[in-house]
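Q: I have a structure open in front of me and would like to learn how to read it. Could you take me through it one feature at a time?

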Amino acid sequence: MLTYFVLTPIVIAVFLYLFSSNKTSRIIAIVLQAVFTGFAVYLLLQTRQLGEVITFVGNYEGLLGVVLRADMMAAAFVLLTTVLFLVVSIYSLHEDNSKLFWLLMFIWEGILIGIFLSRDFFNVFVLAEVATVVVAVLIMYDKGKRSMFDGLVFLMANTVAIQFYLFGIGYIYFLTGVLDMQVAAAFIANLDREVLILPYALLMTAIAFKAAIIPLYSWLPKVQGIPRAPSAVAALLSGLHVKSAIYLFIRFQDVFAPVASTEFFLIIGLITAVVGVIMAVSQVDIKLLLAYSSTAQVGLIIAGLSIGDAYSYIGSLYHMINHALFKVALFLIAGVLEDMYGTRDMRKINGIFKKDKYIGIAIVLAILGITGAPLFNGNVSKYFIMSGADTVVNTVMILINLGTILVSIRFAAMLFGQADESFVGKKTAKSSDISIYFLGVLCFVGGIFGEEIMSFLFNVHFQMSFYGFIEKLIILTASWIVGLLVYRYVLRGDRNYKIFRRIRAIDLNFRGICFSIGAFFVVILAVVGFLY
Amino acid sequence: MRMMEIVPIVVFFMGMFGLMTSKNIIKSIACLVLLEMAVIVFILGLAFRTGILPPVGQSLENVYSVADPLPQALMITAIIIGLAVTAIDFTMIINLVRRYKSTDWDEVKAMSTENFDEC
Amino acid sequence: MTEALLLLWVVSGILILQEQTVYRMVIYLGVFSLITTIIFLFQGAPDVALASASVSGFSTIFLVVCFEKYYGFRDKPVRRKSFRAHFKPAQIAQGLAALAFCVIMCLMFIRFIPGGYASTYLMYQYITMFQSDVGGENAVTAIYLAYRLYDTVFEALMLVVSVVAVVHLSRFDELSFDDGEQSEVRHSKIAIRTIRCICSVIILFGIYLIANGHISPGGGFQGGVAIAVFFVCRYMIFNIYDIKINTVLKDEKIVFLGIILVAVFAIFLGVHQYFPYQHLPLFQTIYMLMMNTLIGIKVALGFLMLFYRYVAVDRRR
């Protein structure tokens with residue numbers, strides 16, 4: 001059954017490419033997509049009932065073939081993928097994209113579902129490579145000079161990183177004799193710790209690159225900031241593509257439990273979050289701001305997963321889903337704004353409320369979600385992430401949230417002020433509005449029914465304590481006040497600080513990226529090998 | 001000695017050295033090919049013994065030293081994937097070459113990012 | 001013998017690293033790939049060697065023709081600067097730092113190499129089972145076409161995406177400057193004569209590889225590349241371009257759908273289990289031949305697209 005979850009979008013994609021590209025066929029595709037979402041819900045219900053749905057591709061018993069497994073986490077992410085692709089394809093309905101765009105989008109969907117369901121080391125490699133190429137072509141869609149260069153750097157750097165992964169697969173096969181993650185984990189549990197250091201370091205280097213963790217994050221803003229790249233692609237890139245890498249991170253940490261270094265990734269995650277926030281605050285480009293902000297959130301998720309507490313772990317999983325929802329919403333809004341104002345410079349976009357009330361309300365919903373306001377989904381997940389942390393980590397996380405609030409205030413500042421009449425471009429299409437609203441409402445629902453959704457998706461029953469909720473509320477209010485004060489007296493106006501311009505100018509070239517991949521590898525090897 | 005294991009590692013890091021230092025885009029691509037080939041030789045060489053036989057023929061279970069067929073099937077896939085990626089890389093490079101008449105990383109970067117400094 | 005080969009391999013790698021001109025680099029890359037192919041043979045992997053040989057042969061021809069056309073690098077005089085003019089002290093320092101870093105990485109890597117012997121958990125299962133499960137005499141093809149067909153489908157998908165990407169990205173319509181001057185490429189007469197002789201052998205070889213993929217080294221991919229090389233040779237001899245790109249693109253997608261269809265019906269649905277090889281060898285043989293042929297056609301079409309897209313892009317206008 002699971003095989004068809006992966007193959008169906010791909011077959012739909014090729015059919016769409018072959019037979020027509022007019023609007024009717026797109027609507028048919030969207031209807032099929034909606035049906036497909038229904039099947040994903042069915043899969044989730046099945047996994048709730050059975051615990052795990054397993055497909056042996058080709059019915060080869062033993063471990064001779066590829067094995068696909070869907071547990072609750074995988075099914076939840078499959079559902080997330082289908083929902084987000086449904087939303088994004090509704091959003092892009094009005095855009096005049098060629099059939100190539102739709103081909104690649106649906107292939108991308110199939111591949112991402114494949115990554116979530118696959119439990120085979122090599123199969124993940126193949127899927128990751130296809131996904132990389134699909135993303136590279138999608139971001140170079142307009143073939144502008146900037147996008148061509150950045151796309152080249154993205155593709156080549158990804159290829160370098162994935163070679164480390166292939167090296168790691170070689171050692172895993174050498175040591176265990178299998179490629180299935182679950183069985184390999186059973187073998188690995190009986191092996192010496194000494195022999196596992198190298199494969200672990202190799203795999204983690206590639207995963208860290210894909211997940212955009214600190215020294216290796218530079219490709220994410222680079223490709224998301226490409227001018228005229230479709231907003232839908234930028235949205236799904238940080239909403240889902242990066243999430244698939246974090247998903248693999250979770251799986252590999254489980255497989256390599258004897259050597260897995262949680263402290264290292266806790267520290268790295270926190271550093272990533274802090275750096276991401278600092279970078280985000282200093283941006284003036286609306287999409288770059290969102291890109292660095294998602295780096296920060298990735299850092300937060302990685303840190304939460306590495307705390308080693310059940311509450312933080314589940315909270316991080318829920319935060320992955322939440323972050324996907326509001327970040328996709330924000331990116332789609334950014335795309336709408338780019339169309340409306342003809343620019344991505346936040347200093348030139350003002351008075352959204354006066355121009356388009358509905359978009360303004362959608363922005364408010366998404367921002368409330370990302371800052372973790374009460375009644376919104378970010379609140380629930382951040383509450384659980386922080387509830388397992390000790391004092392130091394908690395303080396850092398509060399600071400990170402303060403930074404997120406600052407970023408959001410910068411974003412929200414576009415809502416007010418006097419709209420410049422000369423900048424009003426085309427009106428937004430109804431389909432875009434619908435899709436953005438849908439996401440905004442999901443953020444709200446995810447907050448109100450947060451505990452119920454968590455128990456539904458991950459089969460855990462966590463309760464937020466009232467006392468803790470009030471404490472978080474006080475901290476959040478204080479953070480908002482501090483954020484507003486900082487914004488009013490430090491960031492307000494068009495003050496273009498020199499340090500911000502410096503930070504904006506930071507840019508790794510290809511050689512630098514390769515160097516940082518190597519450096520990350522050496523550091524993780526040294527940490528795992530010598531420090532423990 | 002596990003020659004078949006250590007030599008590919010050395011070649012791999014030679015490729016990394018090339019990637020870290022090369023100024024020419026085409027040279028970077030060549031180094032990437034070096035990397036890919038090194039990994040493939042490495043994986044096939046993990047179970048290397050002298051006089052190893054290919055896994056082709058009838059009643060293989062009676063032959064003393066047969067090569068493991070699984071890595072071979074996987075590496076064919078890896079080769080094809082590497083080729084597909086390299087082809088796209090070259091498309092982009094040719095596109096850049098036609099625009100700028102240059103294959104220098106820094107020159108191409110300077111030319112492709114001009115007018116985009118402060119946006 | 002193996003040691004000498006590996007040494008040669010490293011030397012050809014160093015040759016690539018130290019080379020400054022593009023043309024020689026491409027040739028060295030060809031040499032490097034050739035030696036790699038021979039190493040694959042020594043490792044008992046003739047299937048991989050065939051794949052590597054066809055890929056490296058194709059890409060060397062491809063590179064030479066393309067860069068001759070767009071870059072004209074053969075016409076540029078090779079500038080031999082003195083060492084000091086070529087490298088500034090800062091550069092040398094940078095290079096030495098990178099070298100030191102790479103040596104450290106390499107040593108760290110070797111320090112943590114796990115010892116012991118390769119696990120043969122799956123290997124013996126494959127070697128003992130494949131003839132009764134799948135049939136044929138080539139264990140690699142059995143894995144490639146039956147046990148891990150799931151990977152192969154995505155590999156075919158990768159080629160689809162790659163071809164689409166190349167066609168999309170190499171459409172230069174919006175560019176204004178003229179670049180059609182260098183489109184006439186004159187090849188040397190000796191080369192043409194040689195290619196003329198080899199040409200027919202190549203296509204026979206390709207068909208042989210596809211038809212015998214399940215009992216001897218080879219298979220759909222290797223044969224498909226060989227057939228594509230035949231068409232490339234034909235282009236180089238007669239200088240003809242008679243392929244409609246849109247038709248080929250469509251055909252390639254249809255063949256890809258065919259691959260998925262056959263895969264689903266023969267393997268993913270579990271149909272093959274009702275036709276065990278001992279009793280009904282025909283089904284499995286037909287399946288493998290069909291799959292090899294489909295993959296071969298798809299790969300040949302894809303590679304043809306890759307080549308013709310560059311070579312003939314100006315003719316179309």
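A: Gladly, and let us begin with domains. Please keep in mind that this is a predicted model. The domain assignment splits chain A into domain 1 (1-117), domain 2 (120-255 + 498-532) and domain 3 (261-495).

Q: How far apart are the C-alpha centres of domain 2 and domain 3 of chain A?

A: Those two centres are separated by 24 Å. The contact itself involves 26 residues of domain 2 of chain A and 29 residues of domain 3 of chain A.

Q: Which elements of domain 2 of chain A give two or more residues to the side that touches domain 3 of chain A?

A: They are helix H9 (219-224), helix H10 (231-255), helix H21 (498-505) and H22 of chain A. H10(A) provides the largest share of that side, eleven residues. Sorted by class, this side of domain 2 of chain A holds 19 nonpolar, five polar and two charged residues.

Q: Next, the chains. How many residues of chain A and chain B are in contact?

A: As a general idea, the size of an interface is often given as the accessible area lost when the parts come together. Here we count residues instead: 30 of chain A are in contact with 32 of chain B. Helix H5 (121-139), helix H6 (145-176) and helix H22 (510-530) of chain A each supply at least two residues of the side of chain A that touches chain B. H6(A) gives the most to that side, 16 residues. Its classes are 17 nonpolar, six polar and seven charged residues.

Q: How many residues does the contact between chain C and chain B take from each?

A: It takes 66 residues from chain C and 58 residues from chain B. Several helices of chain C give two or more residues to this side, among them helix H1 (2-18), helix H3 (46-70) and helix H12 (281-311). H3(C) gives the most, with nine residues. By class, the side of chain C that touches chain B has 45 nonpolar, 14 polar and seven charged residues.

Q: How many helices and strands are in chain C?

A: Chain C has twelve helices and zero strands. Of its 317 residues, 44% count as buried. Among the contacts in chain C with a separation of 6 or more, 75% are between residues 24 or more positions apart.

Q: How do I read a helix, and is H5(A) enclosed or open?

A: An α-helix has 3.6 residues a turn, so residues three or four places apart point the same way. H5(A) has 19 residues and spans 27 Å from its first C-alpha to its last, close to the 27 Å expected at 1.5 Å a residue. Because 19 of the 19 residues of H5(A) are buried, this helix is largely enclosed by the rest of the structure.

Q: Which residues touch the most other members of the largest nonpolar core?

A: That core has 370 residues, and Val134(A), Ala329(A) and Ile333(A) touch the most other members. H6(A) gives the most to this core, with 21 residues. Beyond its neighbours within four places in sequence, Ala329(A) is in contact with residues including Ala362(A), Ile436(A) and Cys443(A).

Q: To finish, a single residue: why does Ile385(A) count as buried?

A: A residue counts as buried if 20 or more other C-beta atoms lie within 10 Å of its own. Ile385(A) has 29 C-beta neighbours inside 10 Å, so it counts as buried. Its place is in helix H16 (residues 377-387) of chain A. The C-alpha atoms of Ile385(A) and Gly315(A) are separated by 4.9 Å, although these residues are 70 residues apart along the chain. Leaving out residues up to four places away in sequence, Ile385(A) touches Leu300(A), Gly304(A), Ser312(A), Gly315(A), Ser316(A) and His319(A).

Conventions
Residues are numbered from 1 along each chain as its sequence is written. Chains are lettered from A and ligands numbered from 1 in the order in which they are written. This is a predicted model: local features need pLDDT of at least 70, side-chain atom pairs count only at pLDDT 80 or more; totals for chains, interfaces and linings use all residues. Two residues are in contact if their C-beta atoms, placed from the backbone, lie within 7 Å. Helices (H or I, at least four residues) and strands (E, at least two) are DSSP runs, numbered from the N terminus. Ala, Val, Leu, Ile, Met, Phe, Trp, Tyr, Cys and Pro count as nonpolar, Asp, Glu, Lys and Arg as charged, and the others, Gly among them, as polar. A residue is buried if 20 or more other C-beta atoms lie within 10 Å of its own, exposed if 12 or fewer, and partly exposed in between; C-beta atoms are placed from the backbone. Domain bounds come from an automatic or database domain assignment. A nonpolar core is a set of buried Ala, Val, Leu, Ile, Met, Phe, Trp, Tyr and Cys residues joined through C-beta atoms within 7 Å. The expected span of a helix is 1.5 Å times one less than its number of residues.
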